[in-house]
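Colleague: I would like a close look at one part of this protein, the open sheet. Please take me through its strands and then through what surrounds them.

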Amino acid sequence: MQNISLTRYLIEEQREDRIGADLRLLIEVVARACKTISVAVGKGALGGVLGEAGSGNIQGEAQKKLDVIANDVLLEANAWGGHLAACASEEMDHCHPIPDVYPRGNYLLLFDPLDGSSNIDVNVSVGTIFSVLRCPEGVTQAADEHFLQPGTEQVSAGYCIYGPSTMLVLTIGNGTHAFTLDREMGSFMLTQREMRVPAATKEFAINMSNQRHWEAPMQDYVRDLLAGETGPRGKNFNMRWIASMVADVHRILTRGGIFIYPWDRKDPTKVGKLRLMYEANPMSLLIEQAGGASSNGRMRMMEIVPTQLHQRVPVFLGSREEVAKATEYHLAHDAKATSAVA
Ligand code: AHM
Ligand code: MG
């Protein structure tokens, strides 16, 4: 493959009129912030960055030092470029408008600064997830409500995985492409154009320890996967669970599979564990752009109209035939329940 840096890729997309200069700058700034986070993550214990921050976020989760560092890096990097109206993050209760001292732009940026952070202290891959929306016309002071747009409105989405190599996986709505960080040169280089998720799979990713808390259609679906080639699905399935969504999704983008974090009864006040706006939606856009599918078990993820910035959602994404199958189990169950009531 020719030597194509992220900068060159974005400039060529701009020449083809697929992105404007502001969105190009925004993506370059996010990529630069990810390089800084990659350095901090890579230093590990040597950088004194492991362990708890001693604070919590709005979801009631304890923050790691690196959650807070990654959030600060992304905020600082994006404050002054003039391309954003506001940022929102898993680690902040409300959105963060661009300070008055800087010019404001037309985009809204959402991020999970360090997803899978429970894995940091055990040296397993973690990542940054981001989603870009347009600030609605005429809005001069962006607030939480302006972020509440369905995933179909995203103009770009991506993640950066901090693993054995650091990779940025990006879409601007024209396919999903992977860039690997050349650590010596400090540049992200295009290493995979047009990632494709195979339509069918024999691999699923789920935290099985929650099995007893799942609803009936989930129990049925996984029971049939586990039944293997003599069961109703007629094939053997393998299972993988890294507990870092970025790493699990990266595997699925590379070789297929289905990633599932379903609703469960552990905490009935929560409709899922993962967050719609800065986890499920950006991953859904990346997966759909690579030929996969994404649903909440009942409907296409990116058509959900959000009502809260930190809204949670059940997630089923990956190989399109498998997502359709899992959705079928849920819809069949709902149809049966409705006809029993009628
Ligand atoms: P986080 O954003 O607080 O790190 O939580 C999200 C993570 C995902 O990366 C991962 O898929 C999931 O939580 C793992 O959950 P569990 O520990 O319940 O298996
Ligand atoms: Mg997360």
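Modeller: The open sheet in this predicted model is formed by eight strands, in the order β4-β3-β5-β6-β7-β8-β9-β10. The pairing is mixed. At the edges sit β4 and β10, each of which pairs on one side only. In general, strands of a sheet pair through backbone hydrogen bonds, either parallel or antiparallel.

Start with β5. Nine of its nine residues are buried, so β5 is largely enclosed by the rest of the structure. On one side, β5 pairs with β3 in the parallel sense, over five bridges. One residue pair to look up there is Ala88, whose bridge partner in β5 is Leu110. Then turn to β6 (residues 126-134). Seven bridges join this strand to β5, and the two run antiparallel. Leu110 appears again here: its bridge partner in β6 is Ser131. Follow Ala88 to Leu110, then Leu110 to Ser131, and you have stepped from β3 to β5 and on to β6.

Now go further along the order, to β8 and β9. Strand β9 covers residues 176-182 and pairs with β8 in the antiparallel sense, over five bridges. Within this pairing, Val169 stands opposite Ala178 in β9.

Which residues does Met195 contact, leaving aside its neighbours within four places in sequence? Val169 and Ala178 are both among them. The others are Thr176, His177, His250, Leu253, Thr254 and Ala290. Met195 itself is found in the loop between β10 (187-192) and β11 (203-205). Its relative accessibility is 0%, and under 20% counts as buried, so Met195 is buried. Along the chain, Met195 and Ala178 are 17 residues apart. In space, their C-alpha atoms are 7.5 Å apart.

Next, the loop between β7 (156-162) and β8 (166-171). Gly163 is found there. Is Gly163 buried or partly exposed? Its relative accessible area is 22%, so Gly163 is partly exposed; the cut-off for buried is under 20%. Apart from neighbours within four places in sequence, Gly163 is in contact with Ser125 and Arg183. Gly163 and Gly42 are 121 residues apart along the chain, yet 8.9 Å separates their C-alpha atoms.

Both glycines turn up again at the second largest pocket. About 370 Å³ of space lies in this pocket. Its lining has 23 residues, and the closest to its centre are Val41, Gly42, Asn123, Tyr162 and Gly163. Helix α2 (residues 21-43) gives the most to the lining, with six residues. By class, the lining divides into twelve nonpolar, seven polar and four charged residues.

The largest pocket takes us back to β5. Its volume is about 430 Å³. The lining comprises 27 residues, and Asp115, Gly116, Ser117, Ser118 and Lys273 lie nearest the centre. β5 (107-115) is one of the elements that each supply at least two lining residues. The others are β2 (62-64), α5 (245-255), β13 (258-261) and β14 (274-275). Here the split is eight nonpolar, seven polar and twelve charged residues.

Asp115 has another part to play. Which residues are the protein donors of the magnesium ion (ligand 2)? They are Glu90 (OE), Asp112 (OD), Asp115 (OD) and Glu279 (OE), lying 1.8 to 2.8 Å from the ion. The donor residues are spaced E-x21-D-x2-D-x163-E in sequence. Glu90 lies in the loop between β3 (84-89) and β4 (96-97), while Glu279 lies in helix α6 (residues 276-289), so the pair ties together parts that are 189 residues apart in sequence. Both Glu90 and Glu279 are buried.

One last space to check is an enclosed one. How many cavities of 30 Å³ or more does a search of the whole structure find? It finds one. About 30 Å³ of space lies in this cavity. Its lining is made up of Ile206, Asn207, Asn210, Trp214, Ile260, Tyr261, Pro262 and Asp264. By class, that gives five nonpolar, two polar and one charged residues.

Definitions and conventions: Residues are numbered from 1 along each chain as its sequence is written. Chains are lettered from A and ligands numbered from 1 in the order in which they are written. This is a predicted model: local features need pLDDT of at least 70, side-chain atom pairs count only at pLDDT 80 or more; totals for chains, interfaces and linings use all residues. Side-chain values use heavy atoms; hydrogens and water are left out. Helices (H or I, at least four residues) and strands (E, at least two) are DSSP runs, numbered from the N terminus. Buried means under 20% relative accessible area, exposed over 50%, partly exposed in between (1.4 Å probe, protein chains only). Contact means heavy atoms within 4.5 Å. Donors are N, O and S atoms within 2.8 Å of the metal (3.2 Å for Na, K and Ca); water is not among the atoms, so sites may look incomplete. On a 1 Å grid over the protein atoms alone, a cavity is a set of points where a 1.4 Å probe fits but cannot get out, and a pocket is an open set with protein on both sides within 12 Å along at least five of seven lines; lining residues have an atom within 4 Å of a point. Grid points are joined across faces, edges and corners, and a volume is the space filled by probe spheres set on the points. Ala, Val, Leu, Ile, Met, Phe, Trp, Tyr, Cys and Pro count as nonpolar, Asp, Glu, Lys and Arg as charged, and the others, Gly among them, as polar. Two strands pair if DSSP finds at least two bridges between them.
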